[in-house]
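Welcome, and please have the sequence and the 3D view open side by side as you read. The headings below will take you from the overall layout to single residues.

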Amino acid sequence: MTIIERLQQHKDLQPYKIALIVDEEQYTYGQLYDAIISMEFNNTSRIINLDQFNDGQKNKVLLIQSLSFVEQLLQWLWGVI
């Protein structure tokens, strides 16, 4: 089971349960999963795809540029989908 599948499982079972607290801001499993799934590569200017460094379809090389820890986490999780 992948980390995204596990997150979806938690979202399906307990979508309102707190999954993450950062700087006193709380995020539920549902919020995290929905934020990741709703991200699109073409609409996310903070993620830069470095195609020339990719060594196959299984691997992605992404440069994540954000000062926010939560944004970094969401973008990283989106990248592993």
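What follows is a short tour of this model, from its fold to its pocket and surface.

## How to read the model

This is a predicted model, in which local features need pLDDT of at least 70 and side-chain atom pairs count only at pLDDT 80 or more, while totals for chains, interfaces and linings use all residues. Residues are numbered from 1 along each chain as its sequence is written, and side-chain values use heavy atoms, with hydrogens and water left out.

## Overall layout

How many helices and strands does the protein have? The secondary structure comes to three helices and four strands. Both kinds of element are DSSP runs numbered from the N terminus: helices are H or I with at least four residues, and strands are E with at least two. Going along the sequence, you will meet them in the pattern α-β-β-α-β-β-α.

Of the 81 residues in the protein, 25% are buried. Here buried means under 20% relative accessible area, exposed means over 50%, and partly exposed lies in between (1.4 Å probe, protein chains only). The areas themselves come from the Shrake-Rupley method with a 1.4 Å probe, and for residues only the protein chains shown count as cover.

## The largest pocket

The largest pocket has a volume of about 180 Å³. A pocket is found on a 1 Å grid over the protein atoms alone, as an open set of points where a 1.4 Å probe fits, with protein on both sides within 12 Å along at least five of seven lines; lining residues have an atom within 4 Å of a point. Grid points are joined across faces, edges and corners, and the volume is the space filled by probe spheres set on the points.

Which residues line this pocket? They are I3, I4, R6, L7, H10, A19, L20, Y29, L32, L73 and L77. Helix α1 gives the largest share, five residues. At least two lining residues come from each of α1 (3–13), β1 (18–22), α2 (29–38) and α3 (69–79). By class, the lining has nine nonpolar, one polar and one charged residues. In this scheme Ala, Val, Leu, Ile, Met, Phe, Trp, Tyr, Cys and Pro count as nonpolar, Asp, Glu, Lys and Arg as charged, and the others, Gly among them, as polar.

One lining residue, L73, is found in helix α3. L73 is partly exposed because its relative accessibility is 22%. L73 and L32 are 41 residues apart in sequence, yet their C-alpha atoms are 9.5 Å apart in space.

## A nonpolar patch on the surface

I3, W76 and V80 make a nonpolar surface patch of about 290 Å². Patches are made of residues with over 30% relative accessible area and no salt bridge; like charges are joined within 9 Å, and nonpolar side chains (Val, Leu, Ile, Met, Phe, Trp, Tyr) within 5 Å. I3 belongs to helix α1 and counts as partly exposed because its relative accessibility is 47%. I3 also appears in the lining of the largest pocket.

## Contacts between helices

Side chains of opposite charge can pair when their charged atoms come close. A salt bridge is counted when a side-chain nitrogen of Lys or Arg lies within 4 Å of a carboxyl oxygen of Asp or Glu, and by this rule there is one. Which residues form the salt bridge? D34 pairs with K11, with the closest N and O atoms 3.3 Å apart. The pair links distant parts of the chain, D34 in helix α2 and K11 in helix α1, 23 residues apart. D34 is partly exposed at 39%, and K11 is partly exposed at 22%.

Now look at Q8, which sits in helix α1 and is partly exposed at 32%. Measuring C-alpha to C-alpha in your viewer should bring you to these pairs. 7.9 Å separates Q8 from Y29, C-alpha to C-alpha, across 21 residues of sequence. The C-alpha atoms of D34 and Q8 are separated by 9.1 Å, with their positions 26 residues apart along the chain.

## A buried leucine and a loop

Is L74 buried or exposed? L74 is buried because its relative accessible area is 8%, and its place is in helix α3. The C-alpha atoms of L74 and M39 are separated by 8.8 Å, although the two residues are 35 residues apart along the chain.

The loop between β1 and β2 (25–28) holds D23, and E24 is in this loop too. Phi of D23 is near 50 degrees, a positive value in a residue other than glycine. Phi of E24 is near 70 degrees, also a positive value in a residue other than glycine. D23 is exposed at 74%, and E24 counts as exposed at 78%.
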